[in-house]
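Okay, everyone, thanks for coming. I'll put the structure up and then walk you through a few spots I liked.

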Amino acid sequence: MMEFLIAEESFITPLEYGKMLYENPRGIGCVECHGQYGQGDKIANYIHKNQAKSIHAPRINNLDFTAFKNALQSGKRVMPKYYLTSDEIETIYKYLQSVKQNQ
């Protein structure tokens, strides 16, 4: 993983930037489906063939970096494809790791 080089005059830390991206990367935020800490959350309830069902987003704060990056770049099923840069993906990952440790 790359190391962050932040100028001393920077107005935002890498973790603040990661939180910002997690909350709103390109439209709808990761937080809306994966929860405040990446723990996974219910997306929606619905009825199918008279049976109550729900869609849940998976937990993502327990993934290794490669799996996390692959999931973000694939855009499969309900997951939107955000077209994030490698640095943005790494920043979000580091943010999730930091909040997971503080839970």
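**Core, patch and two odd phis**

So, let's start inside: the largest nonpolar core has 15 residues, and the ones touching the most other members are Tyr22, Phe68, Leu72, Leu84, Ile89, Ile92 and Leu96. Three elements give two or more residues to this core, namely α1 (14-23), α3 (65-74) and α4 (86-101). Of these, α4 gives the most, with six residues. Keep in mind that this is a predicted model.

Take isoleucine 89. Leaving out residues up to four places away in sequence, Ile89 touches Phe65, Phe68, Lys69, Leu72, Gln73 and Leu84.

Now, α1. Gly18, Leu21 and Tyr22 are buried there. Look down the helix axis and the buried residues of α1 fall within an arc of 100°, so they line one face of the helix. In general, nonpolar side chains in soluble globular proteins tend to be buried together.

On to the outside. Which residues make the nonpolar surface patch of about 320 Å²? That would be Ile43, Tyr46, Ile55 and Val78. Ile55 sits in strand β2 (residues 51-57), and counts as partly exposed because its relative accessibility is 32%.

Last thing, backbone angles. Most residues other than glycine have a negative phi. Asparagine 50, though, has a positive phi, near 60°. Asn50 is in the loop between β1 (41-48) and β2, and at 77% relative accessibility Asn50 counts as exposed. Tyrosine 83 also has a positive phi, near 60°. Tyr83 lies in the loop between α3 and α4, and with 64% relative accessibility Tyr83 counts as exposed.

Methods. Residues numbered from 1 in each chain as written. Predicted model: local features only at pLDDT ≥ 70, side-chain atom pairs only at ≥ 80, totals over all residues. Heavy atoms only, no water. Core = buried A, V, L, I, M, F, W, Y, C linked by side-chain atoms within 4.5 Å. Buried < 20%, exposed > 50% of the residue type's maximum accessible area, 1.4 Å probe, protein only. Helix = DSSP H or I, 4+ residues; strand = E, 2+ residues; numbered from the N terminus. Contact = heavy atoms within 4.5 Å. Patch = residues over 30% accessible without salt bridge, like charges linked within 9 Å, V, L, I, M, F, W, Y side chains within 5 Å. Areas by Shrake-Rupley, 256 points an atom, 1.4 Å probe, with all protein chains shown as cover. Salt bridge = Lys/Arg side-chain N within 4 Å of Asp/Glu carboxyl O. Arc of directions from axis to C-beta.
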